[in-house]
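Biologist: I'd like to walk through this one with you, a piece at a time. Could you put it up on the screen?

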Amino acid sequence: MKLMKPFDPLYCICESNFSLKTSKHYEGVFTQGSGYLHIRGSFEEGLEGANQNEEYMRLPANVTIEKPRHPISKWGTYVPGITGIHPLLKEEIVNLPYVLFFKLFANGNPLDMSSSRISNYQRMLDMRDGLLYREFDWEVDDNTTVKCEFTRFVSLARKNLVVQMMNFKVLKGKCELNLISGIDEKVKTNGYNHFASVAKKLTDRDCNVELVTDNNDIVLMASRTFSDTVEFKDNGSNDQVASVVLNENESISVNKLSAVMTSKDETGRLSKDTSLNPLNENTCLNFDILRQQLDDAEKKFEQLYSEHELCWNARWERSGVEIEGDDRAQLAVNFSIYHMLRAANPDNSKVAVCAKGFAGEAYFGHFFWDTEIYLMPFFIYTNPDTAKALAEFRINTLDGAKRNAEKYGYNGAKYPWESSVTGDEQCPNWQYADHEVHINADVVFGLWHYYSATEEEDFLVKAAPVFVETARYWISRVEFRSDGSINLNGVMGPDEYTCFSNNNAYTNMMVSWALKKTVEVVKHIKETNENAYSLLKITDEEIQLFNEVAQKLPVLTLDNKVILQCEGFDRFEELDFEKVWTDRKRPLGQFVSQEKCYRSKALKQADVLMLPFLFPNYLNQEELAANYDYYFKYTTHDSSLSSIVHSILCCRMGRIQDAYDLFVKSLDIDLSEDKAGAAEGIHIANCGGIWQAIVFGFAGMLPCYESGQVSFNPRLPESWKSLKFNIVYRGENYRVHVLPGKSTVERRS
Ligand code: BGC
């Protein structure tokens with residue numbers, strides 16, 4: 001089977017030559033998923049020399065200076081929410097057994113993309129339906145050539161199901177093919193073994209694996225391989241094998257189905273006790289469920305694709321962006337939308353989207369402010385159900401946030417800088433865990449953004465305790481001085497190259513905003529829902545304090561024009577960037593010691609400039625230009641969250657060429673083969689940023705939380721002839737059509 005849809009260069013990412021240098025990058029780029037299950041784009045047969053069972057100790061490190069191991073291939077099979085406990089890195093997402101596993105031998109030779117003689121190679125990901133297709137001719141020996149085709153998808157209709165289709169045709173000579181299929185359970189996560197127990201068994205036609213993680217999550221996996229022409233049998237080592245001899249021009253097709261279920265699923269929850277006894281009677285019951293799912297899928301094999309395609313069509317219909325006149329931007333925004341749609345799960349509010357979009361383990365599967373600030377806007381205005389699940393994730397993890405506050409000796413709730421499933425802090429580095437507290441206001445910002453775009457009263461009632469508890473945290477965290485002033489000291493703003501600062505402008509402004517919103521929310525609930533109001537147990541004194549702190553937290557300025565990132569920023573050391581930063585392909589953080597970065601005017605990413613980005617009316621044009629020009633020269637964009645913010649601000653200042661150049665820079669982050677940026681996963685916040693640059697930047701949409709309505713003021717790049725996209729706002733669907741200098745907004749049914 002080839003791609004199901006006619007090839008479209010704007011929706012297909014192609015790899016036309018295999019290279020060991022970029023193999024890990026393409027594994028990230030080609031990640032497939034359903035929200036429930038994600039699998040990196042690794043080869044079914046693996047790669048020689050890339051042992052996935054290697055053990056080593058990954059140490060906590062600052063992400064810009066960490067030098068992680070670079071194996072040539074890293075498998076990744078993730079179910080968000082299934083985690084393990086690492087002795088140094090805390091809770092991390094677990095890399096699960098490899099259900100794609102399929103080995104091929106021709107005349108006794110193993111297929112290996114790095115050493116076999118391969119020609120006519122190509123691999124394509126069709127982002128319209130998430131199908132990954134690989135084809136090539138394998139010159140097995142001088143007399144034998146086999147054409148191999150592999151197609152696969154993770155079903156969006158049956159989210160725990162993986163479908164693989166393989167086809168092998170002898171182009172020259174006669175060939176004996178030996179096939180081995182099953183599940184490879186010998187895998188590690190970042191070199192660490194998170195399986196407290198793992199057992200594999202072949203039952204009848206299925207390969208079954210049951211494992212328990214060291215965080216007590218239970219995972220069952222079953223796979224079945226079948227073909228009309230060859231029979232797969234037990235080889236005594238719990239894999240399925242088949243052999244066939246093919247003459248010239250003969251071919252065989254092989255299909256494989258795999259299904260996964262876990263103790264975190266809403267249905268089929270296993271009791272904890274069974275965890276001690278893998279593959280016992282109780283759990284067989286659950287393998288029965290998987291077996292039934294595989295039976296049903298096998299019977300309806302022909303329908304599996306069409307039902308999956310329908311789901312993808314519906315998502316693209318809501319979320320697609322059409323740019324006329326810029327194919328590069330079109331491909332990149334499609335890529336961003338594909339990964340966002342794949343990574344998030346509207347049916348699960350027990351997890352968010354991790355910083356690498358479940359396409360790699362660089363941030364251990366943790367959830368950051370990336371969710372609220374970079375991803376949620378896309379979902380709020382295109383897929384509000386998904387936005388709601390992300391917002392509810394924070395409501396569901398309020399208890400963890402309360403535990404964090406308590407551990408630090410504060411009241412209320414402190415959301416973790418890095419979250420996993422419970423809301424307890426999972427960041428292994430003290431700098432961020434202790435000081436990057438702005439997350440607590442960012443969470444409130446995300447909740448309010450969702451509410452203001454939907455006006456769902458039930459949601460606000462559920463979210464209200466988050467407003468109140470985070471506000472209580474701020475009251476105990478700020479310093480009240482005897483002169484009546486109030487300060488928020490010892491914080492790290494978004495710029496992670498300033499580790500510890502006083503009165504960071506972004507943090508103070510966000511905290512003030514969150515406190516004011518809290519007062520507003522409490523008042524609204526008091527007026528509309530007596531019962532919910534009484535549950536908040538809030539006193540008038542508290543409300544008074546929220547107001548007082550909101551008013552008094554200072555935002556400092558230099559000459560009344562430039563907002564100071566933090567106290568004393570103007571006296572930080574000036575770095576001679578030209579001299580010290582000799583290779584701009586690598587982060588500045590690799591050329592200057594952490595200690596020096598922390599006391600220099602060197603920004604990892606937008607900090608003060610996050611304010612006019614989030615609040616377009618915060619600065620007038622003159623102030624915006626002054627702040628932009630002051631900070632731009634110090635900003636390294638060593639974080640992928642940075643360029644896109646600057647692009648949007650340039651749009652607002654009418655600096656369209658600069659806006660476009662910064663936008664293009666962001667498009668390359670995961671897509672450039674040279675940079676190979678997707679090796680450890682997708683920069684998913686940047687994906688959300690790219691959508692925002694188009695919608696909030698070039699189309700000039702003002703989000704609703706400021707003015708209670710959305711509006712457009714477009715400034716298209718020169719080459720763009722038109723721009724079209726859909727948005728949902730307060731339950732109504734709209735089609736936005738932007739032409740140079742004007743826009744139309746039409747209601748859709
Ligand atoms: C950035 C953070 C971001 C994190 C995860 C870091 O490098 O500095 O702002 O939240 O990556 O994407």
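Biologist: Let's jump straight in: which residue in β26 is the bridge partner of Asn 726?

Modeller: First, a heads-up: this is a predicted model, where local features need pLDDT of at least 70, side-chain atom pairs count only at pLDDT 80 or more, and totals for chains, interfaces and linings use all residues. Residues are numbered from 1 along each chain as its sequence is written, and side-chain values use heavy atoms, with hydrogens and water left out. Now, strands β25 (722-729) and β26 (732-739) run antiparallel and pair over 7 bridges (two strands pair if DSSP finds at least two bridges between them). Across in β26, Asn 726 has as its bridge partner Arg 735.

Biologist: Which strands are the edge strands of the open sheet?

Modeller: The sheet has 4 strands in the order β20-β25-β26-β27, with antiparallel pairing; strands here are DSSP runs of E with at least two residues, helices are runs of H or I with at least four, and both are numbered from the N terminus. An edge strand pairs on one side only, and that picks out β20 (321-324) and β27 (742-748).

Biologist: By how many degrees are neighbouring strands of this sheet turned against each other on average?

Modeller: Think of each strand as an axis, a line fitted to its C-alpha atoms. Ignoring direction, the average turn between neighbours in this sheet is 20 degrees.

Biologist: Over to β18: which of its side chains point to the buried face?

Modeller: In a regular strand the side chains alternate between the two faces of the sheet. β18 (240-246) does this, with Val 241, Ser 243 and Val 245 on the face that is not buried (buried means under 20% relative accessible area, exposed over 50%, partly exposed in between, using a 1.4 Å probe and protein chains only). The side chains on the buried face are Gln 240, Ala 242, Val 244 and Leu 246.

Biologist: And which residue in β18 does Asn 178 stand opposite?

Modeller: Strand β13 (175-181) runs antiparallel to β18, and 7 bridges join them. Asn 178 stands opposite Ser 243.

Biologist: β17 and β18 form a hairpin, so to speak; which residue in the turn has a positive phi?

Modeller: β17 (233-234) pairs with β18 in the antiparallel sense over 2 bridges, and Lys 233 has Val 241 as its partner there. The hairpin leaves 5 residues between the two strands. A phi of about 85 degrees in that turn belongs to Gly 236.

Biologist: Which residue between β7 and β8 has a positive phi without being a glycine?

Modeller: Look in the loop between β7 (102-106) and β8 (109-110). The residue there is partly exposed because its relative accessibility is 31%. With phi near 45 degrees, it's Asn 107.

Biologist: On to helices: which helices do the buried residues of α6 pack against?

Modeller: α6 (384-396) has 13 residues and reaches 18 Å from first C-alpha to last, close to the 18 Å expected (1.5 Å times one less than the number of residues). Its buried residues include Leu 390, Phe 393 and Ile 395. They pack against α5 (370-382), α7 (398-407), α9 (439-454) and α10 (457-477).

Biologist: How many residues of α4 are buried?

Modeller: α4 (327-343) has 17 residues and reaches 24 Å, close to the 24 Å expected. The helix is mostly covered, and the buried count out of those 17 is 14.

Biologist: How does α18 lie relative to α20: roughly parallel or roughly antiparallel?

Modeller: α18 (643-653) and α20 (684-698) pack with axes 9 Å apart, at an angle of about 0 degrees (angles run from 0 to 180 degrees between N-to-C directions, with helix axes fitted over the stretch in contact). Under 35 degrees counts as roughly parallel, over 145 as roughly antiparallel, 65 to 115 as roughly perpendicular and the rest as oblique. That makes the two helices roughly parallel.

Biologist: Last one: is Gln 565 buried or exposed?

Modeller: Gln 565 lies in the loop between β24 (562-563) and α14 (577-580). Beyond four places away in sequence, Gln 565 touches residues including Asp 495, Leu 603 and Tyr 631 (contact means heavy atoms within 4.5 Å). Because its relative accessibility is 1%, Gln 565 counts as buried.
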